[in-house]
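Hello,

Here is the structure I promised to pass on to you. My notes on it follow below, so please have a look at the two side by side.

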Amino acid sequence: MKIPAIQGIIDRRILINYNVDEQTIRNFLPSPFEPKLVNGKGVAGICLIRLKEIRPSGLPRQLGISSENGAHRIAVTWKENGSTKEGVYIPRRDTNSFLNSWAGGRIFPGVHHLAEFNVNESNGNYQVAFKSKDGTSLSIEAEESELWNEQSLFEDLACASEFFEKGSVGFSPIPRTNQFQGLELKVENWKVSTLKVRSVQSSFFENEQLFPKGTLKFDNALLMRNITHKWNGLSKMKSP
């Protein structure tokens with residue numbers, strides 16, 4: 001059964017992106033996913049997203065809920081009916097919403113770990129951090145900027161924007177099965193801008209058992225604000 005369509009507002013979305021050694025990312029990904037490469041490197045990261053007015057499609061916005069959420073993502077491709085598809089594999093999700101945590105895997109795809117979020121945003125500066133009950137943590141301090149990181153895999157902001165816009169389909173693992181739940185993001189006004197990162201820490205991506213030292217490097221950070229969107233559930237995917 002597909003997850004029902006969900007709609008609302010992306011009030012704020014920060015994409016923290018890393019480039020990763022190709023073999024390391026291949027070792028991490030389950031079948032049927034393959035890394036989507038840029039200049040020979042995999043692309044992984046965290047989406048920090050504040051949602052507003054989230055409700056099943058068709059219901060009035062007054063019935064919607066708000067939440068802070070984090071999703072760990074890896075850009076991937078896979079074969080489907082003889083064609084190559086692209087999107088993201090999402091191994092972990094975190095949320096400050098008890099409802100989202102309960103609904104994860106039922107209404108929303110993937111297990112949502114309950115976490116405490118601390119957010120401070122003012123005058124183009126962003127401080128976002130969370131820590132979940134199992135100890136997984138993340139923090140970022142950044143500011144709005146028009147400067148692009150010259151060390152990035154991507155030539156400029158436009159190239160990065162196009163890459164991440166194509167990653168609109170996400171699959172999350174269903175625990176204790178060989179299946180994945182899928183969701184497709186539809187936005188009415190896709191637009192990203194650049195964030196200059198002063199500091200970033202991720203216990204997930206800094207876990208050297210998953211990503212050995214030297215195989216992962218910070219690449220760039222992007223910002224989205226006030227995006228009307230809809231999520232459409234997809235059929236489950238099975239691992240071969």
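The side chain of Ser 203 reaches the backbone nitrogen of Ser 137 at 2.8 Å. Please keep in mind that this is a predicted model. Ser 203 sits in the loop that links strand E11 (193–202) and E12. Is Ser 203 buried or exposed? Neither label fits: its relative accessibility is 26%, and buried means under 20% while exposed means over 50%, so Ser 203 counts as partly exposed. Leaving aside residues up to four places away in sequence, Ser 203 touches Gly 135, Thr 136 and Ser 137. Ser 203 can also be placed relative to Arg 92: the two are 111 residues apart in sequence, and their C-alpha atoms are 12 Å apart in space.

Those contacts lead to the E7 and E8 hairpin. This hairpin has 4 residues between its strands, and Gly 135 takes a positive phi near 95 degrees there. E7 and strand E8 (residues 137–145) run antiparallel and are joined by 7 bridges. Within this pairing, Gln 127 stands opposite Glu 141 in E8.

On the other side of the pairing list, strand E6 (residues 112–122) is antiparallel to E7 as well, with 8 bridges joining the two. Here Lys 131 in E7 is the bridge partner of Glu 116. E6 and E7 also form a hairpin, with 2 residues between them, and Asn 123 in the turn has a positive phi of about 50 degrees.

Strand E7 (residues 125–132) has two faces that you can tell apart. Tyr 126, Val 128, Phe 130 and Ser 132 make up the covered face, whereas Asn 125, Gln 127, Ala 129 and Lys 131 make up the uncovered one.

Two residues of that covered face, Tyr 126 and Val 128, are among the contacts of Arg 12. Arg 12 lies in strand E1 (residues 6–21). It is a charged residue by class, and with a relative accessible area of 0% Arg 12 is buried. What do the side-chain polar contacts of Arg 12 join it to? One goes to the side chain of Glu 68, at 2.9 Å, and another goes to the side chain of Glu 121, at 2.8 Å. Beyond four places in sequence, Arg 12 also touches other residues, including Leu 48, Ile 49, Arg 50, Val 119, Leu 223, Met 224 and Arg 225.

Now to the pockets. The largest pocket has a volume of about 500 Å³ and is lined by 31 residues, with Arg 13, Ile 49, Arg 93, Leu 183 and Trp 231 nearest its centre. Among the elements that give two or more residues to this lining are strand E3 (41–56), strand E5 (83–95) and helix H3 (157–165). E4 gives the most, with 6 residues. By class, the lining divides into 17 nonpolar, 8 polar and 6 charged residues.

The second largest pocket has a volume of about 170 Å³. Its lining includes Trp 78, Lys 79 and Glu 80, along with Phe 171, Leu 234 and Met 237. Two or more residues each come from E4, E5, E9 and strand E12 (216–238), and E4 again gives the most, with 3 residues. This lining has 6 nonpolar, no polar and 4 charged residues.

Happy browsing, and best wishes!

Terms used:
Residues are numbered from 1 along each chain as its sequence is written. This is a predicted model: local features need pLDDT of at least 70, side-chain atom pairs count only at pLDDT 80 or more; totals for chains, interfaces and linings use all residues. Side-chain values use heavy atoms; hydrogens and water are left out. On a 1 Å grid over the protein atoms alone, a cavity is a set of points where a 1.4 Å probe fits but cannot get out, and a pocket is an open set with protein on both sides within 12 Å along at least five of seven lines; lining residues have an atom within 4 Å of a point. Grid points are joined across faces, edges and corners, and a volume is the space filled by probe spheres set on the points. Buried means under 20% relative accessible area, exposed over 50%, partly exposed in between (1.4 Å probe, protein chains only). Contact means heavy atoms within 4.5 Å. A polar contact is a pair of N or O atoms within 3.5 Å; within protein, one must be able to donate a hydrogen and the other to accept it, and residues adjacent in sequence count only if both atoms are side-chain atoms. Two strands pair if DSSP finds at least two bridges between them.
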